[in-house]
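Hi,

Here is the structure I said I would pass on. Have a look at it first, and then read my notes below.

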Amino acid sequence: MIERITLDLVDHSAQRYNSVGDWYFDEHDSTHLIIKGTRLPNPALTFAQWAVGIHELVEALAALAAGVTAAEVDAFDQQFELDHAHDDLEPGDDPRCPVFQQHQLALAVERMFIKALGVDWEQYEAEMDKPWLKRRRAEARHNARQSAK
Ligand SMILES: [Zn+2]
């Protein structure tokens with residue numbers, strides 16, 4: 001049973017993998033659900049940057065309620081990243097994703113929240129893509145160096 005949920009904004013480099021939102025259980029406390037959103041430096045997004053965490057919160061709770069485990073989601077997301085290193089598809093948009101339905105629900109909540117703040121969705125998405133694209137390029141350079149050795 002979940003007894004505590006924490007939602008932190010972190011540097012994108014501190015995310016477990018290249019995603020602006022993540023959720024998992026504390027390895028020392030299975031009642032503690034941890035949610036991490038990437039901090040967005042743009043001052044226009046002071047409140048909007050929390051929307052990713054809200055998305056993850058809704059997605060995680062709805063997934064767990066439906067019997068999906070964090071391990072299943074992690075396994076799918078990590079394989080998806082490997083299979084889609086050269087496109088910008090999101091794992092949650094793949095109908096085979098174990099949290100496909102929950103991701104769509106979370107996206108709807110996220111969009112409503114952004115709209116309520118009066119922030120433009122396209123601008124918000126473009127800002128969110130920046131740290132993700134930067135890390136993808138850095139990882140691609142790293143992988144190229146590794147395979148050149
Ligand atoms: Zn999602």
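In which sense do strand S2 (residues 21-26) and S3 pair, and over how many bridges? They run antiparallel, with 6 bridges between them. One of those pairings puts Trp 23 opposite Ile 35 of S3. The two strands make a hairpin, and 2 residues sit between them.

Before going further, please keep in mind that this is a predicted model. The mean pLDDT of the chain comes out at 94, and 100% of its residues reach 70 or more. Broken down by element, S1 has the highest mean pLDDT (98), while helix H4 (residues 121-148) has the lowest (90).

Back to the strands. S3 (residues 29-38) also pairs with strand S1 (residues 4-10), this time in parallel, and 7 bridges join the two. If you want a spot to click on, Thr 6 has Ile 34 as its bridge partner in S3. So much for the strands; now the chain as a whole.

There are 3 strands and 4 helices in the chain, and along the sequence they come in the order β-β-β-α-α-α-α. The chain is as compact as a globular protein of its length, because its radius of gyration is 16 Å and the globule rule gives 15 Å for 149 residues. Along the principal axes, the C-alpha atoms fill a box of roughly 50 × 35 × 30 Å. Of the 149 residues, 24% are buried. As for contacts between residues at least 6 apart in sequence, 66% of them join residues at least 24 apart.

The helix I spent some time on is H1 (residues 51-65). With 15 residues, H1 spans 21 Å from its first C-alpha to its last, close to the 21 Å expected at 1.5 Å a residue. Its buried residues are Ala 51, Val 52, Gly 53, His 55, Glu 56, Leu 57, Glu 59, Ala 60 and Ala 63. Note that His 55, Glu 56 and Glu 59 are among them.

What covers those buried residues of H1? The cover includes S1, S2 and S3, along with helix H2 (70-83), helix H3 (100-117) and H4. Just after H1 comes Gly 67, which takes a positive phi of about 90°.

If you open the model, I would begin with the S2 and S3 hairpin, go on to the parallel pairing of S1 with S3, and then turn to the buried residues of H1.

Cheers

Conventions
Residues numbered from 1 in each chain as written. Predicted model: local features only at pLDDT ≥ 70, side-chain atom pairs only at ≥ 80, totals over all residues. Pairing = 2+ DSSP bridges. Rg over C-alpha atoms; globule rule 2.2 N^0.38 Å. Buried ≥ 20, exposed ≤ 12 C-beta atoms within 10 Å, placed from the backbone. Contact = placed C-beta atoms within 7 Å. pLDDT = per-residue confidence, 0-100. Expected span 1.5 Å × (residues − 1).
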